[in-house]
Amino acid sequence: MDTRLIAQNPAEVETDCLVAFALDHGTKEKSEPRLTVKDAALEKAVADLVASGEVTGKAYETVLLHRPQGLKAKRLLVVGAGKGKTFSHAEVRRAAGSALRCLKPKMIKSCAIVLPELATGAEDAVRSIIEGALVADFDPDTYRSDRKDYSMKEITVAAPAGSDQGKLQQALTQGRIIGESQNFTRELVNEPSNKLTPTMLADRAKKMCDSVGLKCELMGPAKIREMKMGAFWSVAQGSEEEPRLIVMRYEPEGAPEKPVLGLVGKGVTFDTGGISIKPADGMEKMKYDMAGGAAMIGAMRAIAMLKPKVKVIGIVCATENMPSGTAQKPGDVQIAMSGKSIEIINTDAEGRLVLADGLFYARTLGCTHLIDAATLTGACVVALGHANAGVFANDEDAYQHFTRALQRSGEKFWRLPLDQEYLDQIRSNIADLMNTGGRYGGASTAAVFLKEFVEDTPWLHLDIAGTAWMDENKSWIAKGPSGIAVRSLVEFVRSFE
Ligand code: BES
Ligand code: MN
Ligand code: ZN
């Protein structure tokens, strides 16, 4: 999809379809739709639609008009963007996405979106339009032989005549990098496990790194064992497929020695549960158990292209979790890279095992701050559903950086607790820790398990089990892999600049 910026008033824009957003400034009883820009020609063009009640401003409603009077555009699409009071860049993303997903099946291949007036500024609006549009352009039907190319050829952002092009162009480029990186992650997450083994995931990461100038190191079974990553290896040992430890380095010139940010992702390309095998029903979904790792790979891509002046190391622990004659068994005791011993209670709690070594390894590489992302627990899905991902933090300053990142990314995370009591639930009689802590508080017992391996290093843990895969289409995004966390990770890194 090509993206471009023009500075032209709506009436003058020649396009297959001009897109304008409408907000509802009314009350609960009566809607009062108003466009997000003050423009006489546009207002006139939509006057009849407003008078008839077809345009209300209700979130993501779409009304398409042919040959709009007084405009050069062939069509006009009015997209609702919700209540005037709550209008923010998050709604801009969704409204832009809804516009694209409305036009795509009609085989309309180019459109121009009228830049809305946004309290946080025009740059924020441009960036959000492009991010939302790119995300909406993605379809997950990769392997369908009747796949139709619905993708948009070109999207134009129409800023008012006379606006500062330089700044807005920069915002457009940034939105493009971030949106494409999120889609890169979604492509990886969408792949079935036979098309994306740990080796293939590592090769895709390497190829991406080569194309954007990142250093990338891939390590296999011998190195993983040599480094005494006993927790990571205990999961990998059950599979015919070799595991890979993926290390991506971003070391820009002129960056200070510190901080060094470590981004660690769970890359379980398929999670059968292992010997503690999962039920057959829904198991096919466990191809997305590498979504945390894929988020790190996508984020590293964006970081390499945006070039913030801060050092970042991306680490992905890629493996399958399989039952076999060589698989680990409940009751086994494993020694992690840190030296801590772990009694395996349930082989299906494998994510924390691979991350324990991934996080500890990141510290040995000199990371001063850590953030991990993982489809870690069903308990997090029970607690937060699909609307919010979970976030855990052992450090208030790092958490502040993350909340600032969320304000820019528009993604939703909810903080969950990491208290000492949860640690008591995972103490073992035979070893330092057990890898599960019973029925209750499962998202937190998993998180405190990880905390034992990061110790005092400032750290954030993102549990994206409920948000990395969406079962239903939304007007602004197709069902399937969501690419959650990519945008927030990028903004988190930039917050240290
Ligand atoms: N990958 C799963 C968690 C998961 C569940 C991801 C649902 C996406 C959707 C993880 O490895 C797992 O199996 N966790 C277990 C832990 C339990 C055995 C303590 C779980 O949540 O049931
Ligand atoms: Mn599991
Ligand atoms: Zn898993």
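How do the residues of the lining of the largest pocket divide into nonpolar, polar and charged? Here are some notes on that, with a reminder that this is a predicted model.

1. To take the opening question straight away: the lining has eleven nonpolar, twelve polar and eleven charged residues. That makes 34 residues around the largest pocket, and the ones nearest its centre are Lys278, Asp348, Thr377, Gly378 and Ala379. The space inside comes to about 780 Å³.

2. Next, the elements behind this lining. Strand S10 (260-271), helix H10 (378-384) and helix H13 (442-454) each contribute at least two residues. H10 gives the most, with four residues.

3. Now for the occupant: ligand 1 sits in this largest pocket. Around ligand 1 there are 16 residues, and Lys278, Asp289, Asp348, Glu350 and Gly378 are the closest. By type, the shell holds four nonpolar, five polar and seven charged residues.

4. A few polar contacts are worth a look on your screen. Gly378 places a polar backbone atom 2.7 Å from an oxygen atom of ligand 1. For Asp271, a polar side-chain atom is 2.9 Å from a ligand 1 oxygen atom. Thr375 takes part through its backbone, with an N or O atom 3.3 Å from a nitrogen atom of ligand 1.

5. Finally, how much of ligand 1 does the protein cover? On its own, ligand 1 has 510 Å² of accessible area, and the protein covers 78% of this.

Key:
Residues numbered from 1 in each chain as written. Chains lettered and ligands numbered in written order. Predicted model: local features only at pLDDT ≥ 70, side-chain atom pairs only at ≥ 80, totals over all residues. Heavy atoms only, no water. Near = heavy atom within 4 Å. Polar contact = N/O pair within 3.5 Å; in protein donor to acceptor, adjacent residues only side chain to side chain. Areas by Shrake-Rupley, 256 points an atom, 1.4 Å probe, with all protein chains shown as cover. 1 Å grid on protein atoms, 1.4 Å probe; cavity = no way out; pocket = protein on both sides within 12 Å on 5 of 7 lines; lining within 4 Å. Sits in = over half its atoms within 2 Å of the grid points. Nonpolar A, V, L, I, M, F, W, Y, C, P; charged D, E, K, R; others polar. Points joined across faces, edges and corners; volume = space filled by probe spheres on them.
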